[in-house]
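Work through the exercises below with the sequence and model open. Try each task before you read its solution.

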Amino acid sequence: MRFDEGAGLDTSEVEDLRGGGGGIGGRVALGGGGLGVVGLVIYFLISQFGGVSLNPSSGSLGGVGTGQQMDNTSLAQECKTGADANRNHDCAIVGFINSIQDYWGQEFQRSGSTYRKAVTNFFNGGVNTACGSATSDVGPFYCPGDSEVYIDLNFFNELRSRFGAQGGPFAEAYVLAHEYGHHVQNLTGVSKKGTGSGPTSGSVRLELQADCYAGVWANHATTTPTESGRPLITDVTQADIDSALDTASRIGDDYIQSKLGGGRVDESKFSHGTSAQRKKWFTTGFETGEPARCDTFAARSLG
Ligand SMILES: [Zn+2]
């Protein structure tokens with residue numbers, strides 16, 4: 001996939017909490033002095049890849065907490081156009097977020113409602129949110145409490161090294177589009193149905209719907225105009241789609257439990273759906289391009 005070299009990027013859809021240059025901020029000291037390895041693995045398995053309830057803190061932090069300072073200076077300097085997105089990883093992430101939100105903005109408008117943009121926070125190590133504090137081990141996530149996405153971009157390295165995913169730009173776009181799928185669910189009010197665990201639970205249905213919404217965006221990625229009137233992404237190849245499907249298959253509950261969680265598959269703990277289901281729902285969204293086809297709550301079979 002490629003970005004249109006001349007298209008503009010909007011870095012205001014991202015908040016950089018990484019504290020570049022070793023200054024103050026970015027890293028947050030989280031309480032507890034670190035979970036043990038087992039704790040990390042379990043926490044990771046339970047909450048990996050969004051849609052999670054983190055340690056709810058007493059009351060809402062409602063934004064940036066102690067030690068986190070937003071500084072978009074370098075992003076704003078480096079990420080101005082699609083050409084920047086083609087050569088700089090951070091800028092590519094900004095480009096994906098812009099494209100995803102442009103699509104949903106236009107889709108909501110077509111259906112007579114209003115999309116509210118959600119910021120994605122880049123963080124290193126740990127972060128405070130309205131949903132509580134989190135370390136990078138939880139993976140990227142969406143917090144309904146503050147309607148923001150949180151990601152430690154090192155997750156993408158982990159996808160390759162730990163999950164064995166092939167990675168690539170569009171695999172990363174899929175992850176972001178999945179998280180924005182959760183934002184759409186928050187706006188439509190379906191988020192609250194995402195409860196419980198197990199193969200037909202609300203949680204699994206919510207996650208598979210977010211995968212489907214990611215596919216819907218992928219369908220429209222090259223035809224969604226930005227403010228300039230031209231699409232930000234100029235082409236998406238079959239190899240791009242394959243890389244997204246490869247990632248989907250590496251973060252299925254059955255794959256994670258069997259490959260990373262000790263070998264036993266326990267369906268009662270499913271929260272995101274199997275690898276096959278995640279691929280199936282992304283594909284449904286991608287092939288149809290219609291959000292209405294993503295009604296996993298009405299689906300008799302999840303695949
Ligand atoms: Zn999710």
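**Exercise 1. Find which residues Arg205 touches, not counting residues up to four places away in sequence.**

Step 1. Locate the residue. Arg205 is found in helix α7. Helices here are DSSP runs of H or I with at least four residues, strands are runs of E with at least two, and both are numbered from the N terminus.

Step 2. List the partners. Arg205 touches Thr200, Thr296, Phe297, Ala299 and Leu302. Contact means heavy atoms within 4.5 Å.

Step 3. Check the spacing. Arg205 and Ala298 lie 93 residues apart in sequence, yet their C-alpha atoms are 9.3 Å apart in space.

Step 4. Classify the residue. Buried means under 20% relative accessible area, exposed over 50%, and partly exposed in between, with a 1.4 Å probe and protein chains only. Arg205 has 14% relative accessibility, so it counts as buried.

Two notes on the source. The model is predicted: local features need pLDDT of at least 70, side-chain atom pairs count only at pLDDT 80 or more, and totals for chains, interfaces and linings use all residues. Residues are numbered from 1 along each chain as its sequence is written, and side-chain values use heavy atoms, with hydrogens and water left out.

**Exercise 2. Identify the disulfides, and give the handedness and location of each.**

Step 1. Count them. The structure holds 3 disulfides. The criterion is a pair of cysteine sulfur atoms within 2.5 Å.

Step 2. Take Cys79 and Cys91. Their S to S distance is 2.1 Å. The link is left-handed, with -75° about the S-S bond. Cys79 sits in the loop between α2 (73-78) and α3 (82-87), and Cys91 in helix α4, 12 residues apart. Cys79 is buried at a relative accessible area of 2%, and Cys91 is buried at 0%.

Step 3. Take Cys131 and Cys143. These are joined at an S to S distance of 2.0 Å. The torsion about the S-S bond is about 95°, so this disulfide is right-handed. Cys131 lies in the loop between β4 (126-129) and β5 (132-135) and Cys143 in strand β6 (residues 141-143), so the pair ties together parts 12 residues apart in sequence. Cys131 is buried, with a relative accessible area of 13%. Cys143 is buried at 0% relative accessibility.

Step 4. Take Cys212 and Cys294. Their S to S distance is 2.0 Å. The torsion is about -75°, so the disulfide is left-handed. Cys212 lies in helix α7 and Cys294 in the segment after α10, so the pair ties together parts 82 residues apart in sequence. Cys212 is buried at 0% relative accessibility, and Cys294 is buried with a relative accessible area of 0%.

Step 5. Write the pairing. With the bonded cysteines numbered in sequence order, it reads 1-2, 3-4, 5-6.

**Exercise 3. State which residues of the largest nonpolar core touch the most other members.**

Step 1. Set the rule. A nonpolar core is a set of buried Ala, Val, Leu, Ile, Met, Phe, Trp, Tyr and Cys residues joined through side-chain atoms within 4.5 Å.

Step 2. Name the residues. In the largest core, of 61 residues, Phe96 and Trp217 touch the most other members.

Step 3. Find the contributors. Elements that give two or more residues to this core include α4 (89-110), β7 (148-151), α6 (169-188) and α7 (202-220). The largest share, 10 residues, comes from α4.

Step 4. Inspect Phe96. Leaving aside neighbours within four places in sequence, Phe96 is in contact with Met1, Phe3, Pro169, Ala173, Leu176, Trp217 and Ile233.

Step 5. Look for another core. A second, separate core of 10 residues includes Leu17, Ala130, Val138 and Phe141.

**Exercise 4. Place Asn121 in its strand and list its contacts.**

Step 1. Asn121 is in strand β3 (residues 120-122).

Step 2. Asn121 is buried, with a relative accessible area of 2%.

Step 3. Apart from neighbours within four places in sequence, Asn121 contacts Glu15, Leu17, Glu148, Val149, Tyr150 and Ile151.
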